[in-house]
Amino acid sequence: MIYNFHTNLKMSKSELSRHRSLHIQYQELSTEDLDSMDLSLLTHAKKAVRSAYAPYSMFAVSAAVLLENGQTILGTNQENASYSLCLCAERSALASAAAQYPDQKIKAIAVTAYSSRRPIDHPITPCGACRQVLREYEQRHKHPIRVIMQGASGPVLIFEDSASLLPLSFTRKDLPE
Ligand code: THU
């Protein structure tokens with residue numbers, strides 16, 4: 001028997017040989033350490049947070065998408081009295097970018113949030129649905145999308161691609177030809 005520290009379980013050698021683990025790499029930086037591209041995209045997102053429509057959650061989220069042609073496209077969360085129709089900032093920005101510039105690769109997306117109720121000092125990470133949509137654009141353009149995340153203040157997380165945010169993701173490659 002071998003004790004597995006990750007699962008807190010005792011396992012036989014054969015059980016252990018069937019186990020896989022995933023290693024996800026990302027960076028945690030402070031605002032001062034950001035390079036100019038990341039800082040500029042995050043600043044765009046922070047300025048746009050005021051355009052969020054979030055009267056129900058009072059949690060304003062904003063996303064800035066950087067395209068290969070240098071254009072920055074903004075999106076904010078758009079809520080609805082029928083709660084399940086609320087649209088996240090990331091999907092709002094991605095759809096807008098894809099509608100205006102369908103052939104442009106997406107280089108990066110910065111995500112931030114603001115709440116009048118309490119300071120948001122931790123990074124805001126895309127929800128599961130937004131991660132799936134990010135993966136779609138990554139596959140569509142065969143180009144990694146850098147994901148930069150921060151609250152209104154506090155540490156910044158950076159993932160080099162959205163695949164790292166959604167390991168073992170379902171993509172078009174899973175569908176029959
Ligand atoms: N929200 C986003 O816009 N992006 C995220 O990544 C997480 C959540 C929005 C949806 C809803 O309008 C509000 O935040 C509270 O969940």
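Which loop does Q150 lie in? Q150 sits in the loop between β7 and β8. The views below include that spot, and all of them come from a predicted model.

**View 1. The whole chain, before we zoom in.** In this predicted model, the protein has four helices and eight strands. Starting at the N terminus, you'd read the elements off as β-β-α-β-α-β-β-α-β-α-β-β. The C-alpha trace spans about 55 × 45 × 40 Å along its principal axes. There are 177 residues in the protein, and 38% of them count as buried. If you take the contacts with a separation of 6 or more, 66% of them come from residues 24 or more positions apart. The protein exposes about 10600 Å², with carbon and sulfur atoms supplying 53% of that.

**View 2. Q150, in the loop between β7 and β8.** Is Q150 buried or exposed? Buried means under 20% relative accessible area, and Q150 comes in at 1%, so Q150 counts as buried. A polar atom of the Q150 side chain lies 2.7 Å from the backbone oxygen of G154. Leaving aside residues up to four places away in sequence, Q150 touches T31, L42, K46, V111, T112, A113, H122, P123, I124, P155 and V156. One of those partners, L42, is also among the buried residues of α2, which is up next.

**View 3. Helix α2, residues 36-48.** Here's a quick ruler check: with 13 residues at 1.5 Å a residue, α2 should span 18 Å, and its end C-alpha atoms are indeed 18 Å apart. The buried residues of this helix are D38, L41, L42, A45 and A48. Looking down the axis of α2, these buried residues fall within an arc of 125 degrees, so they line one face of the helix. Turned away from that buried side is a face carrying the exposed residues S36 and K47. The cover over the buried residues of α2 includes β4 (59-67), β5 (72-76), β6 (106-115), β7 (146-149) and β8 (156-159). At the start of α2, look for D35: one of its side-chain oxygens reaches to within 3.2 Å of the backbone nitrogen of M37.

**View 4. The ligand and its surroundings.** Which residues surround the ligand? They are S57, F59, V61, N77, E79, C88, A89, E90, T125, P126 and C127. Both β4 and α3 (89-100) supply at least two residues each to this shell. Now for the polar atoms: E90 has a polar side-chain atom 2.6 Å from an oxygen atom of the ligand, and N77 has one 3.0 Å from a ligand oxygen. C127 joins in through its backbone, with an N or O atom 3.3 Å from an oxygen atom of the ligand. Taken alone, the ligand exposes 380 Å², and the protein buries 78% of that.

**View 5. Helix α4, residues 128-141.** The ruler works here too: 14 residues at 1.5 Å a residue should give α4 a span of 20 Å, which agrees with the 20 Å between its end C-alpha atoms. Which residues of α4 are buried? The list is C130, R131, L134, R135, Y137, E138, Q139 and H141. These buried residues pack against α3 and β6. α3 is one of the elements that help form the ligand shell, while β6 is part of what covers the buried residues of α2. Following α4 comes K142, with a positive phi near 45 degrees.

Notes:
Residues numbered from 1 in each chain as written. Predicted model: local features only at pLDDT ≥ 70, side-chain atom pairs only at ≥ 80, totals over all residues. Heavy atoms only, no water. Expected span 1.5 Å × (residues − 1). Buried < 20%, exposed > 50% of the residue type's maximum accessible area, 1.4 Å probe, protein only. Arc of directions from axis to C-beta. Contact = heavy atoms within 4.5 Å. Polar contact = N/O pair within 3.5 Å; in protein donor to acceptor, adjacent residues only side chain to side chain. Near = heavy atom within 4 Å. Areas by Shrake-Rupley, 256 points an atom, 1.4 Å probe, with all protein chains shown as cover.
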